[in-house]
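Got a minute for a quick tour before you head back to the bench? Have a look at the model below, and then at the notes underneath.

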Amino acid sequence: MQQPSPLLTWKASVDENLCVGCGKCTEVCGTGAIRIIDKKAVVDFDRCICCAICMKTCPRGAITMIPYSFPILKREEDFDEIIAQLKGIGAQLEEMERSIEEL
Ligand code: SF4
Ligand code: SF4
């Protein structure tokens with residue numbers, strides 16, 4: 001049986017050498033994917049929906065978008081998991097839209 005292709009996307013990645021921990025990226029991230037830990041921004045890939053707003057906001061140019069592939073799906077349970085994740089992303093996007101409309 002042919003293996004399904006991994007889902008490809010992009011995720012925000014922080015260059016620790018450039019990040020000064022100012023927190024501007026955490027303020028604009030609509031999904032709460034970024035936290036400041038030990039004065040450096042840390043991205044939770046599970047929450048990042050690759051909107052790139054943080055990258056455009058960072059005054060230090062410390063954030064880039066990097067290719068990311070979900071693990072290859074081999075079992076039916078994996079499909080259920082990825083569908084659940086995609087539904088979560090959809091809900092996060094709706095929340096972001098609402099936040100943007102309120103600006
Ligand atoms: S905006 Fe840039 S410099 Fe500031 S915390 Fe985020 S990644 Fe670091
Ligand atoms: S790309 Fe968007 S969702 Fe991902 S960390 Fe940056 S602001 Fe948050």
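Here is a short briefing on the fold, the two ligand sites, the core and a few single residues.

Keep in mind that this is a predicted model. The chain has 3 helices and 4 strands, and read from the N terminus they come in the order β-α-β-β-α-β-α. Two ligands sit in it, with 13 residues around ligand 1 and 14 around ligand 2.

**Confidence and overall build**

- The average pLDDT for the chain is 85, and 84% of the residues score at least 70.
- Among the elements, strand β3 has the highest mean pLDDT, at 98, while helix α3 (residues 76-102) has the lowest, at 77.
- A word of caution for any such model: where pLDDT is low, the predicted coordinates should not be read in detail.
- Of the 103 residues in the chain, 13% are buried.
- If you take the contacts with a separation of 6 or more, 66% of them are between residues 24 or more positions apart.

**The two ligand sites**

- Around ligand 1, the closest residues are C19, C22, C25, A41 and C58.
- That shell is a mix by class: 9 nonpolar, 2 polar and 2 charged residues.
- Ligand 2 has A12, C29, C48, C51 and C54 as its closest residues.
- No charged residues turn up in the shell of ligand 2, which is made of 13 nonpolar residues and 1 polar one.

**The nonpolar core**

- The largest nonpolar core has 13 residues, and C25, C29, I34, C54, C58 and I63 are the ones with the most contacts inside it.
- Some of these names should ring a bell: C25 and C58 are also among the closest residues to ligand 1, and C29 and C54 are among the closest to ligand 2.
- I63 is in contact with A12, S13, V14, C25, C54, M55 and C58, leaving aside its neighbours within four places in sequence.

**Strand β3 and the loop before it**

- K40 is found in strand β3.
- K40 counts as partly exposed because 16 other C-beta atoms lie within 10 Å, which falls between the limits of 12 or fewer for exposed and 20 or more for buried.
- Not counting residues up to four places away in sequence, K40 touches V14, E16, C19 and G21.
- Between K40 and L18, 22 residues apart in sequence, the C-alpha to C-alpha distance is 9.3 Å.
- K39 belongs to the loop between β2 (34-37) and β3.
- With 11 other C-beta atoms within 10 Å, K39 is exposed.
- The backbone of K39 is worth a look too: its phi is positive, about 65 degrees, although K39 is not a glycine.

**The loop between β3 and α2**

- D44 lies in the loop that links β3 (40-43) and α2 (53-57).
- D44 is partly exposed, since its count is 14 other C-beta atoms within 10 Å.
- Although D44 and A33 are 11 residues apart along the chain, their C-alpha atoms are separated by 5.0 Å.
- C50 also has its place in the loop between β3 and α2.
- C50 has a positive phi, near 55 degrees, and is a residue other than glycine.
- As for burial, C50 is partly exposed, with 15 other C-beta atoms within 10 Å.

Key:
Residues are numbered from 1 along each chain as its sequence is written. Chains are lettered from A and ligands numbered from 1 in the order in which they are written. This is a predicted model: local features need pLDDT of at least 70, side-chain atom pairs count only at pLDDT 80 or more; totals for chains, interfaces and linings use all residues. A residue is near a molecule or strand if its C-beta atom, placed from the backbone, lies within 6 Å of it. Ala, Val, Leu, Ile, Met, Phe, Trp, Tyr, Cys and Pro count as nonpolar, Asp, Glu, Lys and Arg as charged, and the others, Gly among them, as polar. A nonpolar core is a set of buried Ala, Val, Leu, Ile, Met, Phe, Trp, Tyr and Cys residues joined through C-beta atoms within 7 Å. Two residues are in contact if their C-beta atoms, placed from the backbone, lie within 7 Å. Helices (H or I, at least four residues) and strands (E, at least two) are DSSP runs, numbered from the N terminus. pLDDT is the predictor's confidence in each residue, from 0 to 100.
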